[in-house]
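Student: Please take a close look at one part of this protein: its nonpolar interior. Give me the setting as well.

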Amino acid sequence: MEAIVENVKSLLGLQLSKDQLAAFKTYQDALLDWNQRISLTAIRDEAGIQTKHFLDSLTVLLAWERHSPPASLIDVGTGAGFPGLVLKVVWQSTQVTLVESVHKKADFCRHIVDQLGLRGVSVLSERVEAVGQDPDHRQSYDLAVARAVARMPILMEYMLPLIHSNGIAMAMKGETAHAETQAADKAIYMMGGKLHKFVHVTLPGVVEERFIVVVNKVARTPGEYPRRIGIPAKNPIK
């Protein structure tokens, strides 16, 4: 795990504690173990997990401009906990909600929460459209994050209803980030958002381009959004 310590320090200016490093080791070992039985991730080697999952998840810190961590965070389509659970390891005071409709992946997230003794984490085995209409979650969060979930017009309908005005949505994207975001102009506006910036991310040893698209919430989302389960993906806002 020495490489991730150096990479986190050089890329993010963050010194991982012994407890945080131990948490990532436990997380890594569990991911490798569970991956032998169910498909959680295509990345199945330690170096890949540390760089393309853990370090990549932590690059959200590069885009977070405020002085203190968010009080609340929701991770849309978290999969095996990326980036939400990784961020919880370093943002220990943040209340984290993970949304994952695939039950086996949600079960893995609950296992990691238990193994690491994390407090203030909820795992929802639900579709995000339903969560976005739930009064307990709608327009409630400081930060919404998503990684490799859907194209931007769809993703904005998933994410922006979940954050309050003055909240922030961060979509972790590859080389198509700019084109996808341009195609999502109408969706961003209709959901009450405003494009803030693109953060270019370079991971050591990874040639693929990465960006974090940062969208600020500036107005309330109309009550009819998100639409019914499946509709945003079938009929994206254009």
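Tutor: What follows goes from the whole chain to its cores and then to single residues. This is a predicted model, in which local features need pLDDT of at least 70, side-chain atom pairs count only at pLDDT 80 or more, and totals for chains, interfaces and linings use all residues. Residues are numbered from 1 along each chain as its sequence is written, and side-chain values use heavy atoms, with hydrogens and water left out.

Start with the chain. It has 11 helices and seven strands; helices (H or I, at least four residues) and strands (E, at least two) are DSSP runs, numbered from the N terminus. The radius of gyration is 17 Å, close to the 18 Å that the globule rule gives for 238 residues, so the chain is as compact as a globular protein of that length. That radius is taken over C-alpha atoms, and the rule is 2.2 Å times the number of residues to the power 0.38. The C-alpha trace spans about 45 × 30 × 30 Å along its principal axes.

Of the 238 residues, 56% count as buried. Buried means under 20% relative accessible area, exposed over 50%, partly exposed in between (1.4 Å probe, protein chains only). Contact means heavy atoms within 4.5 Å. Among contacts between residues at least 6 apart in sequence, 69% join residues at least 24 apart.

Now the interior. A nonpolar core is a set of buried Ala, Val, Leu, Ile, Met, Phe, Trp, Tyr and Cys residues joined through side-chain atoms within 4.5 Å. The largest holds 53 residues; L85, F108, L143 and M170 touch the most other members. Take L85. Beyond its neighbours within four places in sequence, L85 contacts Y27, L98, C109, I112, V113, L118 and V121. A second, separate core has 31 residues, including V76, A169, A184 and V213.

Helix α8 (residues 152–159) is mostly covered, with eight of its eight residues buried. Among them are P153, E157 and Y158.

Next, T59. This residue sits in the loop between α3 (46–58) and α4 (60–63). T59 is buried, at 1% relative accessible area. Leaving out residues up to four places away in sequence, T59 touches L11, L12, M172, V201, L203 and I212.

Last, Q50. Helix α3 holds this residue. Q50 counts as buried, at 9% relative accessibility. Not counting residues up to four places away in sequence, Q50 touches M1, I4, Q28 and L55.
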